[in-house]
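Student: I've got a model open on my screen and I'd like to learn how to read it. Can you walk me through it?

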Amino acid sequence: MLKTALRPSPITPSVDFYGKGVQHGHLRLPYSRDDSAWGSVMIPICVIANGEGPTALLTGANHGDEYEGPAALFELAQTLDPAEVKGRIIIVPALNYPAFRAGTRTSPIDRGNLNRSFPGRPDGTVTEKIADYVTRHLIPLADIVLDFHSGGRTLDFLPYAAAHELPDKTQESRCFDAVAAFAAPYSMKMLEIDAVGMLDTTVEEMGKVFVTTELGGAGTASAKSIDIARRGTINLLRHAGILAGSPVAAPSRWLDMPSSDCFTFAEDDGLVAFVRDLGDAVTVGETIARVYPIGKTGLAPVDYRASMSGLLAARHVPGLIKAGDCLSVIATVTENT
């Protein structure tokens with residue numbers, strides 16, 4: 001069977017990825033719409049390069065309602081000194097820019113969830129075109145990729161950096177070494193509900209070092225969570241040899257998500273009332289939360305119980321929940337550092 005060559009990406013960068021110094025520009029994606037016949041989506045990008053060395057790709061707002069990464073990356077794009085760089089840093093603070101502008105998880109243009117759209121298509125939807133450009137033009141430039149996430153508007157997490165178990169144990173070790181260097185308050189061996197279409201999977205399949213995070217959420221970013229993102233990024237760049245010096249060590253509790261028992265999903269609509277907070281220890285069978293029917297008083301709540309023992313690592317926000325929503329995530333503690 002003859003393979004059809006992929007079309008060129010419609011995205012045009014205004015930066016030179018092989019230039020030196022600091023460049024601020026855009027990835028311009030043509031997007032014809034009612035209010036702009038020859039309009040474009042303008043995705044901010046920064047390239048900081050100096051001398052020979054590895055390349056780090058730093059991305060935020062893969063989901064548009066997650067703000068810790070963008071807050072740290074917009075700041076670092078402004079403040080990093082190219083004279084201190086050995087190699088190259090590519091910063092895309094708001095990867096799904098239409099979703100970021102709208103404050104939504106998915107794109108308001110095509111409802112695309114960018115982190116379920118990889119490797120993308122150059123002739124697909126706006127979201128698929130962004131994914132394709134990242135896959136074919138940005139990831140190949142990178143030695144290490146840091147993709148920031150948090151809980152967005154519907155989840156709140158303990159602040160952790162994470163990597164995944166991989167078939168290539170040498171690559172896996174390099175990823176977890178990078179997680180350790182990030183030095184978030186928690187470090188996670190992460191299990192995905194469904195890894196198909198994720199940036200994570202695409203980067204890992206290319207043999208690169210990949211680190212992700214979940215740094216809080218609840219539709220906002222705190223001073224503490226932004227500081228974790230900022231310090232962690234600097235640590236990772238030092239670990240990669242792009243910035244001078246050693247990562248600044250900080251205590252981190254190593255967590256594991258060993259099976260699907262980590263996840264609890266609501267089977268009822270109603271008001272969710274948690275009886276355990278983030279970071280609390282829970283034991284198997286213990287009630288995590290109660291979901292109260294809200295149509296009438298006097299109706300008994302439904303108790304949701306832990307399927308395993310560990311720490312409450314994530315919880316649903318806001319107060320109302322729907323059947324099918326992720327109610328909680330439990331992780332086990334493997335070690336303290």
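**Reading the fold, piece by piece**

Tutor: Let's start with the annotation: UniProt, in an unreviewed entry, lists residues 53–239 as "domain: Succinylglutamate desuccinylase/Aspartoacylase catalytic". Keep in mind that this is a predicted model. Over residues 53–239 the chain is 37% helix and 17% strand, with the end C-alpha atoms 12 Å apart.

Student: And the whole chain? How many helices and strands does the protein chain have?

Tutor: The count is 6 helices and 19 strands. The radius of gyration is 21 Å, close to the 20 Å from the globule rule for 337 residues, so the chain is as compact as a globular protein of that length. Along the principal axes, the C-alpha atoms fill a box of roughly 65 × 50 × 45 Å.

Student: What share of the residues is buried?

Tutor: Buried residues come to 53% of the 337. Contacts tell you about the fold too: of those with a separation of 6 or more, 70% are between residues 24 or more positions apart.

Student: Let's zoom in. How do I read a strand such as β4, and is it buried or exposed?

Tutor: Start with the general idea: strands of a sheet pair through backbone hydrogen bonds, either parallel or antiparallel. Then look at burial. Buried here means under 20% relative accessible area. In strand β4 (residues 55–59), 5 of the 5 residues are buried, so the strand is largely enclosed by the rest of the structure. Both faces are covered, with T55, L57 and T59 on one side and A56 and L58 on the other.

Student: Which strands does β4 pair with?

Tutor: One is β5 (residues 87–92), which is parallel to β4 over 5 bridges. To find the register, put T55 opposite R88 in β5. Between the two strands the chain passes through helix α1 (residues 68–79), and this β-α-β crossover is right-handed. The pairing of β4 with β6 (residues 144–147) is also in the parallel sense, over 4 bridges, and there L57 stands opposite V145.

Student: Where does α1 fit in, and which of its residues are buried?

Tutor: α1 has 12 residues and spans 17 Å from first C-alpha to last, close to the 16 Å expected at 1.5 Å a residue. For the side that faces inward, use the helix rule: an α-helix has 3.6 residues a turn, so residues three or four places apart point the same way. In α1 the buried ones are E68, G69, P70, A72, L73, L76 and A77. Their cover includes β2, β3, β4, β5, α2 and α6.

Student: You mentioned α6. How do I read that helix?

Tutor: Try the same recipe. Helix α6 (residues 223–239) has 17 residues and reaches 24 Å from its first C-alpha to its last, close to the 24 Å expected. Its buried residues are S225, I226, I228, A229, G232, T233, I234, N235, L236 and L237. These pack against β4, α1, β5, β6, α4 and β10. Just after the helix, G241 has a positive phi of about 85°.

Student: Can we take one residue of α6 as an example? What is S225 in contact with?

Tutor: Sure. S225 has a relative accessible area of 6%, so it counts as buried. Setting aside neighbours within four places in sequence, S225 is in contact with E68 and L215. E68 is one of the buried residues of α1.

Student: What about a strand with mixed pairing, say β8?

Tutor: Strand β8 (residues 160–163) has both faces covered: Y160 and A162 are buried on one side, A161 and A163 on the other. It runs parallel to β9 (residues 186–189), joined by 4 bridges, with A161 opposite S187. Together β8, α4 and β9 make a right-handed β-α-β unit. With β10, though, β8 pairs in the antiparallel sense over 3 bridges, and Y160 stands opposite E214.

Student: And which strands stand at the edges of the β16-β15-β13-β18 sheet?

Tutor: That is an open sheet of 4 strands with antiparallel pairing. β16 and β18 stand at the edges with a single partner strand each, so one side of each has no neighbour in the sheet. For β18, look at β13 (residues 270–274): the two pair over 2 bridges, and L271 stands opposite L320.

Key
Residues numbered from 1 in each chain as written. Predicted model: local features only at pLDDT ≥ 70, side-chain atom pairs only at ≥ 80, totals over all residues. Heavy atoms only, no water. Buried < 20%, exposed > 50% of the residue type's maximum accessible area, 1.4 Å probe, protein only. Pairing = 2+ DSSP bridges. Right-handed = clockwise from strand over helix to strand, strands pointing away. Expected span 1.5 Å × (residues − 1). Contact = heavy atoms within 4.5 Å. UniProt positions renumbered as here; feature names shortened; annotations may be inferred. Rg over C-alpha atoms; globule rule 2.2 N^0.38 Å.
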